[in-house]
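Biologist: Hi, could you walk me through this one? I'd like to hear what you make of it.

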Amino acid sequence: MAVTGIILVLFLIAHMLGNLKIFTGEEAFNHYAHWLRDLGTPLLAPGWYLWLQRTVLMVAVLAHIGAATVLALRARAARPVAYAHRRKIHVNYAARTMRWGGVIILLFVIYHILDLTTGTLNPVGDSTRPHSNVVADFAPERWYVTLFYTLAVVTLGFHLRHGAFSAFRSLGQQTPKGERRARTAALVFAVVLTAGYLVVPFAVLTGLVA
Amino acid sequence: MNLTLRIWRQKGPEDKGQMVTYQVPDVSPDMSFLEMLDVLNERLILDGEEPVAFDHDCREGICGMCSLMINGEAHGPQRGTTACQLHMRQFKDGDTIDIEPWRARAFPVVKDLVVNRNAFDKIIAAGGYVTAPTGSAPEAHSVPVPKADADAAFESAACIGCGACVAACPNGSGMLFTAAKITQLSLLPQGQPERYTRVIGMVDAHDEAGFGGCTNIGECAAACPKGIPLNTIGRLNRDFLKATSKRAGTPGS
């Protein structure tokens with residue numbers, strides 16, 4: 001879980017930085033998007049780098065889901081008879097929503113690829129003009145898209161808050177002092193990433209990016 | 001105070017079992033939780049009914065026998081307290097209290113509130129000890145142990161093996177117990193020679209017993225009557241990673 005999660009987190013950081021380029025103007029944003037296709041040339045043919053990255057991400061996502069499924073099945077098998085009365089004493093919303101949160105994030109990723117990668121569900125859907133796609137996507141009359149996006153990103157934030165701490169712990173974080181640091185780092189990271197992703201649709205919604 | 005109890009009654013391992021309601025009048029707030037159950041049982045015996053079976057021994061919070069899920073919380077509402085040390089002043093007149101056994105595949109119900117915690121013994125048998133006889137206590141200065149290590153080892157050694165961590169864990173994992181039993185040895189010089197075979201053996205025994213996997217939620221440490229900290233599991237993880245990445249069978253490695 002930790003290792004595949006880290007691969008996905010590295011992508012999330014790069015993806016967020018790329019998104020933020022939208023504030024540098026239409027030309028710069030489109031240029032960045034086209035550069036991604038040419039990345040790695042002349043060693044790689046144009047577009048190869050993207051497919052390489054997609055393959056790595058796909059393997060990481062499948063392994064991440066596979067490991068989560070094994071854990072969920074083991075948890076179910078470990079308690080065949082449920083409690084009649086159950087109270088959660090240690091309130092940790094992030095940790096409790098890891099599994100269903102993960103399902104929401106997966107559904108969002110599928111939608112997100114159909115929307116802004118293939119352009120199938122995008123009102124513009126022109127891969128040569130990514131800036132126009134984004135602006136059309138989060139237009140005020142398509143508020144439900146922004147709402148779903150916000151919901152998914154907040155879910156991702158919660159997922160990262162527990163996931164990042166849990167990764168530190170799984171990879172051997174062992175002191176009480178380190179635990180406090182790991183929890184703080186996970187919280188700050190989750191908040192920064194959530195804010196970084198949300199700022200784009202809301203900038204479009206408020207007309208800051210047009 | 002007058003209480004309504006809803007207690008899990010199960011005649012034997014094969015019986016289906018159900019929650020049964022009992023009224024217990026005139027409970028003193030100074031009674032311990034187990035004394036209150038004793039009062040109920042005395043009445044049940046006088047009425048010719050089968051008394052409620054529950055585990056108990058020392059009744060002073062150090063033996064780890066009591067194992068009651070009280071209103072959905074392992075050992076009841078008071079933190080850092082075993083069920084035997086829980087007093088009725090924690091409850092109010094007219095309260096309804098649900099009492100269930102620990103629920104885990106690795107802890108099958110023997111009868112009523114009694115579960116078989118033999119799975120914990122199997123984890124200990126897989127390496128939770130020092131193989132070589134170490135004799136009587138040596139001169140304290142002959143093997144220096146840093147104070148911080150000694151304190152952390154002692155913190156883990158406080159585990160009484162009651163199973164509250166398993167009962168409270170949403171995954172039904174016994175990792176806090178396993179980690180406590182591993183770190184009480186891994187932090188001390190006597191535990192070093194078998195440190196890395198021990199962690200693999202005990203984690204394997206834990207998984208084989210049918211416990212769930214740890215997802216670092218922290219419900220176990222919150223429920224633990226002895227305050228074993230969650231970072232104990234981090235110590236186990238680090239030892240496990242080292243043990244599995246080490247080359248086995250190479251002298252000096």
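Modeller: Here is a chat about the contact between the chains, a helix pair, a sheet and some backbone details. This is a predicted model, where local features need pLDDT of at least 70, side-chain atom pairs count only at pLDDT 80 or more, and totals for chains, interfaces and linings use all residues. Residues are numbered from 1 along each chain as its sequence is written, with chains lettered from A and ligands numbered from 1 in the order in which they are written.

Biologist: How many residues does each chain give to the contact?
Modeller: Chain A gives 29 residues and chain B gives 33 residues. Contact here means that the C-beta atoms of two residues, placed from the backbone, lie within 7 Å.

Biologist: And which elements of chain A give two or more residues to the side that touches chain B?
Modeller: Those are helix 3 (48-78), helix 7 (143-170) and helix 8 (176-205) of chain A. Helix 3 of chain A has the largest share, 5 residues. Helices (H or I, at least four residues) and strands (E, at least two) are DSSP runs, numbered from the N terminus.

Biologist: How do the residues on that side of chain A divide?
Modeller: There are 14 nonpolar, 9 polar and 6 charged. Nonpolar covers Ala, Val, Leu, Ile, Met, Phe, Trp, Tyr, Cys and Pro, charged covers Asp, Glu, Lys and Arg, and the others, Gly among them, count as polar.

Biologist: On to chain B. At what angle do helix 3 and helix 5 of chain B cross?
Modeller: The axes of helix 3 (residues 147-157) and helix 5 (residues 175-186) of chain B cross at roughly 145 degrees and come within 8 Å. Axes are lines fitted to C-alpha atoms, for helices over the stretch in contact, with angles from 0 to 180 degrees between N-to-C directions.

Biologist: Which residues meet there?
Modeller: From helix 3 of chain B come B:Ala153, B:Ser156 and B:Ala157, which meet B:Ala180, B:Thr183 and B:Gln184 in helix 5 of chain B. That contact divides into 3 nonpolar, 3 polar and no charged residues.

Biologist: What is the strand order in the chain B sheet?
Modeller: The order is 2-1-5-3-4, in an open sheet of 5 strands with mixed pairing. Strand 2 (18-24) and strand 4 of chain B are at the edges with a single partner strand each, so one side of each has no neighbour in the sheet. Two strands pair if DSSP finds at least two bridges between them.

Biologist: In which sense do strand 1 and strand 5 of chain B pair, parallel or antiparallel?
Modeller: Strand 1 (residues 3-9) and strand 5 of chain B pair in the parallel sense over 4 bridges. B:Thr4 stands opposite B:Thr96 in strand 5 of chain B.

Biologist: Any backbone oddities?
Modeller: Most residues other than glycine have a negative phi, and most peptide bonds are trans. In chain A, the peptide bond from A:Thr41 to A:Pro42 is cis, with omega near 5 degrees. A:Pro42 is in the loop between helix 2 (26-38) and helix 3 of chain A. In chain B, B:His75 has a positive phi, near 65 degrees, and B:Asn216 has a positive phi near 60 degrees.

Biologist: Is B:His75 buried or exposed?
Modeller: B:His75 is buried, with 27 other C-beta atoms within 10 Å. Buried means 20 or more other C-beta atoms within 10 Å of the residue's own, exposed 12 or fewer, and partly exposed in between, with C-beta atoms placed from the backbone. B:Asn216 is also buried, with 24 C-beta neighbours inside 10 Å.
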